[in-house]
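Hi everyone, thanks for coming. I'd like to walk you through a structure that is new to this group, so please have a look at the screen first.

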Amino acid sequence: MYHEIHEAATTTNKDASVIDDVEGENYLLVSFLPGPDWWFVMVYPKQLIALEAHHTSRIVLFLGFSLFILYYLAVYYVLSKQVRLPLQRLQNAVSLIADGKYKDVLHDPQALPLEQKNEIGQLAGAFLDMSSDVYHVNANLQSIVESRTEELEDANAKLRDLSLLDALTSIHNRRSFDRDIAKVFDQAKGGVDSFSLLLADIDYFKSYNDIFGHTAGDEALRRVSAVIAMSIREEDRVYRSGGEELAVIFNTCGNHSAKITGGHIISAVQDIGIQHSGSRHGVITISAGLVEYNPSLKDVTAMINVADTCLYEAKSQRRNCLRVSGEQYPDNSPADSKA
């Protein structure tokens, strides 16, 4: 060490210097003391310094890693609170809007991150305004569609009703008759309700048209149809089944009540007093046949045939009368060859 210090003193004029003692593996801190011509020397073993440096580096590394973890957690917390969660709420709101659940977004303050004072908050506000506009436009459009749909349904209902009405007499037509009698026949067959069917025909109608013309015949047919419609109950229905032929379905009605109403119809038509010089009665009259449903009737056609047979019996005798299926009547008038 002495030789190292002595050599260093001859090559430097510094008051203090550091000498590398290679052989001794030390660092020598040397400072000259004036006066007695002494040297103050501090010896630092390299091994001791290396251990201290390694210990310090480990502390620095640990502190650096800890600071990195804390910085990562802080960044994650900030990003999660300020970015990820708001974006997730915005994404959920978009999904609700896509499903048409506008009210869930508009009426829920937590649905959108409106509290954010950044670009996400601005985007959420713009999205809320857009959703409100779309909701009101959709509501108005839905209202218009519902209104138009209701109008269309009403128009279709009126069209269906018109398609089931006779254009001349405004009573129900043959198509409506076929539909309704099939329905009530199936119900009666299933034991729900019974019903009666009346078939009527204007007496000497061909002769009336020949004498007074078809225009007068149309008017007479309208008046007869109106009288029959006014003579039946609300639950019953009258039809123009063809030409001057008319039909009445008495719903939930037995033969006795239907027979009484049928008699009233015969009298009401005669009481109109439509002059008919070609009729033996002097006015327009009708003949009718009545049948009540019973299980022996296998189908609608069979029931109509029975009523038609009763009508034929009424027209073959004195006309202006009602014949009921299953009842016996004396043949007190000759058959009339006129239509």
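I'll begin with the whole chain and then take its parts in turn. One thing to keep in mind throughout: this is a predicted model.

So, the overall picture. The protein chain holds nine helices and eight strands. Its radius of gyration comes to 56 Å, whereas the globule rule gives 20 Å for 339 residues, so the chain is more spread out than a compact globule. You can see that in the box as well: along the principal axes, the C-alpha atoms fill roughly 180 × 40 × 25 Å. Of the 339 residues, 32% are buried. The chain exposes about 21200 Å², and 57% of that comes from carbon and sulfur atoms. If we take the contacts with a separation of 6 or more, 56% of them link residues 24 or more positions apart.

Now let's turn to a sheet of three strands. In what order do its strands lie? The order is 1-2-3, in an open sheet with antiparallel pairing. Strand 1, residues 16-21, and strand 3, residues 38-45, are the edge strands, and each of them pairs on one side only. From one strand to the next, the twist averages 25 degrees. Strand 2, which covers residues 26-33, is joined to strand 3 by eight bridges. If you'd like a spot to look for, find Phe 32, which stands opposite Trp 39 in strand 3. Across strands 1, 2 and 3 lies helix 2, residues 46-98, and this helix runs at about 50 degrees to strand 3.

Next comes the other sheet, and here there are five strands. They form an open sheet in the order 5-6-4-7-8, and the pairing is mixed. Strand 5 (237-242) and strand 8 (322-324) are at the edges with a single partner strand each, so one side of each has no neighbour in the sheet. Ignoring direction, neighbouring strands of this sheet are turned by 20 degrees against each other on average. Helix 9, residues 300-316, packs on the sheet, where it touches strand 4, strand 7 and strand 8. The direction of helix 9 makes about 145 degrees with that of strand 7.

Let me stay with strand 4 for a moment, residues 195-202. How many of its residues are buried? Eight of its eight. Phe 195, Leu 197, Leu 199 and Asp 201 point one way, while Ser 196, Leu 198, Ala 200 and Ile 202 point the other way. Strand 4 pairs with strand 6, residues 245-251, over seven antiparallel bridges. Seven bridges also join strand 4 to strand 7, residues 286-292, again antiparallel. Leu 197 shows both pairings nicely: its bridge partner in strand 6 is Ile 249, and its bridge partner in strand 7 is Val 291. Further along, Asp 201 has Glu 245 as its bridge partner in strand 6.

Last stop, a pair of helices. Helix 7, residues 214-231, packs with helix 8, residues 255-272, at an angle of about 145 degrees. Their axes are 9 Å apart, and the crossing is right-handed. On the helix 7 side, the residues that meet helix 8 are Arg 223, Val 224, Val 227, Ile 228 and Ser 231. Helix 8 meets them with Thr 261, Ile 265, Ala 268, Val 269 and Ile 272.

That's the tour, and thanks for listening!

Technical notes:
Residues are numbered from 1 along each chain as its sequence is written. This is a predicted model: local features need pLDDT of at least 70, side-chain atom pairs count only at pLDDT 80 or more; totals for chains, interfaces and linings use all residues. Side-chain values use heavy atoms; hydrogens and water are left out. Two strands pair if DSSP finds at least two bridges between them. Helices (H or I, at least four residues) and strands (E, at least two) are DSSP runs, numbered from the N terminus. Axes are lines fitted to C-alpha atoms, for helices over the stretch in contact, and angles run from 0 to 180 degrees between N-to-C directions. Contact means heavy atoms within 4.5 Å. The radius of gyration is taken over C-alpha atoms; the globule rule is 2.2 Å times the number of residues to the power 0.38. Buried means under 20% relative accessible area, exposed over 50%, partly exposed in between (1.4 Å probe, protein chains only). Accessible areas come from the Shrake-Rupley method with a 1.4 Å probe; for residues, only the protein chains shown count as cover. A crossing is left-handed if the near helix is turned anticlockwise from the far one by less than a right angle, and right-handed if clockwise.
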